[in-house]
Amino acid sequence: SKIIVLQHHERFDGTGYPLGLAGEITREVSVRAAPDYPSRYALLTDMGIPPGILGDGARLEGPVHSNGIVDIASTSPDSAGDPWVSSISTTSRGGFRFCDAGTGFSPHPDGSRVWVRPYPSHRQGRPTWDPFADPVDFGRLSDLFADLRTAAADSGEVIWGARRLLIDGDRLLVSSEQGVVSDTVDLATTDLVYVASFSDVLVKTAGALTSPLTIVANGQIGLMGNIHCSTGEFTGAPLGLVSLSGIFIPADPDSHAGADWPPPWQIETDGHLTVEAFLCAPDGAIRAEDPTAGGRSLSFNVIGGLAVGRMGALSAGTHGYDMTIVYDGRLTSVHPPAFPSLEQWKIYSWVPDPDHDGHEIDEDLF
């Protein structure tokens, strides 16, 4: 029979073993579990996933979760082109809302033209499809990221008054005024940088990042150009960009007849934008300063993942930034430096009736 509840029983030596419960029958199980991290998700939101993200052609190959309402849509009469997610969950506070059937609890509600793919997997329920998952505490997550200021002071780098950051290989160039390098951080020896300023700080790369790095900012983080990481198996990733206020794409002065800083510090957002990082703003939104992108239709490619309190406006009508999230599979097991866990565990697999070589379970020292 299917095991539907896991119970934890204490042993005399203080360790424990799980039992699976199905009705009145219990079975010993061997469970594979690990702490959950925000960076494990392709998309993680608190206030919901609005229309336009999970629609025809959408493909998210990493986990998706929202505490709020998840809007799902399709225009095809069958499953062709319908949204594809490797796993997706929401909470009793939110729910799944389908474009043609309202609130539904299955990946294909009765009478709906939407078939959330891969449907055969989702129709079996958890862990790939879950309408009643536990919520993620975004307030607590924000506090944990704020606490990284102490960790940065002890073993990383705390920067004051930065307005623009330029990642260049194994160094971080810092500027607090036009064209002037006020500080240089050696990223070969520092993997955590905390920007202690409530003003916006803009960031891009001049040369691909060559080592794992997390940047946390009190103020908003502006993505002022492409952000690239080297592609070596053990270098360049993961990169975490965390704002305690929000993340935005600044308007390009070239499209608005405005003044800008001299190269290489200039804003370059009037073309397609690629950001290879895990972006996180637990108390804020991701948005575009100019949702029309100066009258253009541009691609905004996030190669990594995204965790935000809410989704802001990235486009207006046919103009603006069309966001695509390409999940970095390395984030399933490796998180950016100093990233806090979500203070909950995820069960990835279990095996019923594990073999104890003829011994009673209390005699085993596994």
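1. A salt bridge is taken here as a side-chain nitrogen of Lys or Arg within 4 Å of a carboxyl oxygen of Asp or Glu, and a search of the whole structure on that basis finds 11 of them. The structure is a predicted model, and this should be kept in mind for each point below. Side chains of opposite charge can pair when their charged atoms come close.

2. One of the salt bridges joins Arg59 and Glu61, whose closest N and O atoms are 2.6 Å apart. Arg59 has a relative accessibility of 43% and so counts as partly exposed, and Glu61, with a relative accessible area of 47%, is partly exposed as well.

3. Another salt bridge is formed by Asp168 and Arg171, with 3.0 Å between the closest N and O atoms. Asp168 is partly exposed at 23% relative accessibility; because buried means under 20%, this value leaves Asp168 outside the buried class. Its partner Arg171 is partly exposed too, with a relative accessible area of 36%.

4. Glu268 and Lys204 also meet through their side chains in a salt bridge, at 2.8 Å from N to O. This pair links distant parts of the chain, since Glu268 belongs to the loop between β20 (247-249) and β21 (273-275) while Lys204 sits in strand β16 (residues 201-207), the two being 64 residues apart. What is the relative accessibility of Lys204, and is the residue buried or exposed? Lys204 has a value of 3% and therefore counts as buried, whereas Glu268, at 40%, counts as partly exposed.

5. The second largest pocket holds about 400 Å³ of space. Its lining is made up of 20 residues, and those that lie nearest its centre are Gly52, Ile53, Asp322, Met323 and Thr324. The elements that give two or more residues to this lining are β5 (59-66) and β25 (319-327), and the largest share, five residues, comes from β25. When the lining of the second largest pocket is sorted by class, 11 residues are nonpolar, six are polar and three are charged.

6. Two cis peptide bonds deserve a look in the backbone, and both lead into a proline. The bond from Arg117 to Pro118 is cis, with omega near -5 degrees, and Pro118 is placed in the loop between β9 (102-104) and α1 (119-122). The bond that joins Arg126 and Pro127 is cis with an omega of about 10 degrees, and Pro127 is found in the loop between α1 and β10 (129-130).

7. Which value of phi does Ala293 have? Its phi is near 50 degrees, which is positive although the residue is other than glycine. Ala293 lies in the loop between β22 (278-288) and β23 (297-311), and at 6% relative accessibility it counts as buried, because the class takes in residues under 20%.

8. Ala338 likewise has a positive phi, of about 70 degrees, without being a glycine. The loop that holds Ala338 runs between β25 and β26 (345-352), and β25 is also the strand that gives five residues to the lining of the second largest pocket. With a relative accessibility of 36%, Ala338 counts as partly exposed, while Ala293 counts as buried.

Note on methods
Residues are numbered from 1 along each chain as its sequence is written. This is a predicted model: local features need pLDDT of at least 70, side-chain atom pairs count only at pLDDT 80 or more; totals for chains, interfaces and linings use all residues. Side-chain values use heavy atoms; hydrogens and water are left out. On a 1 Å grid over the protein atoms alone, a cavity is a set of points where a 1.4 Å probe fits but cannot get out, and a pocket is an open set with protein on both sides within 12 Å along at least five of seven lines; lining residues have an atom within 4 Å of a point. Grid points are joined across faces, edges and corners, and a volume is the space filled by probe spheres set on the points. Helices (H or I, at least four residues) and strands (E, at least two) are DSSP runs, numbered from the N terminus. Ala, Val, Leu, Ile, Met, Phe, Trp, Tyr, Cys and Pro count as nonpolar, Asp, Glu, Lys and Arg as charged, and the others, Gly among them, as polar. Buried means under 20% relative accessible area, exposed over 50%, partly exposed in between (1.4 Å probe, protein chains only).
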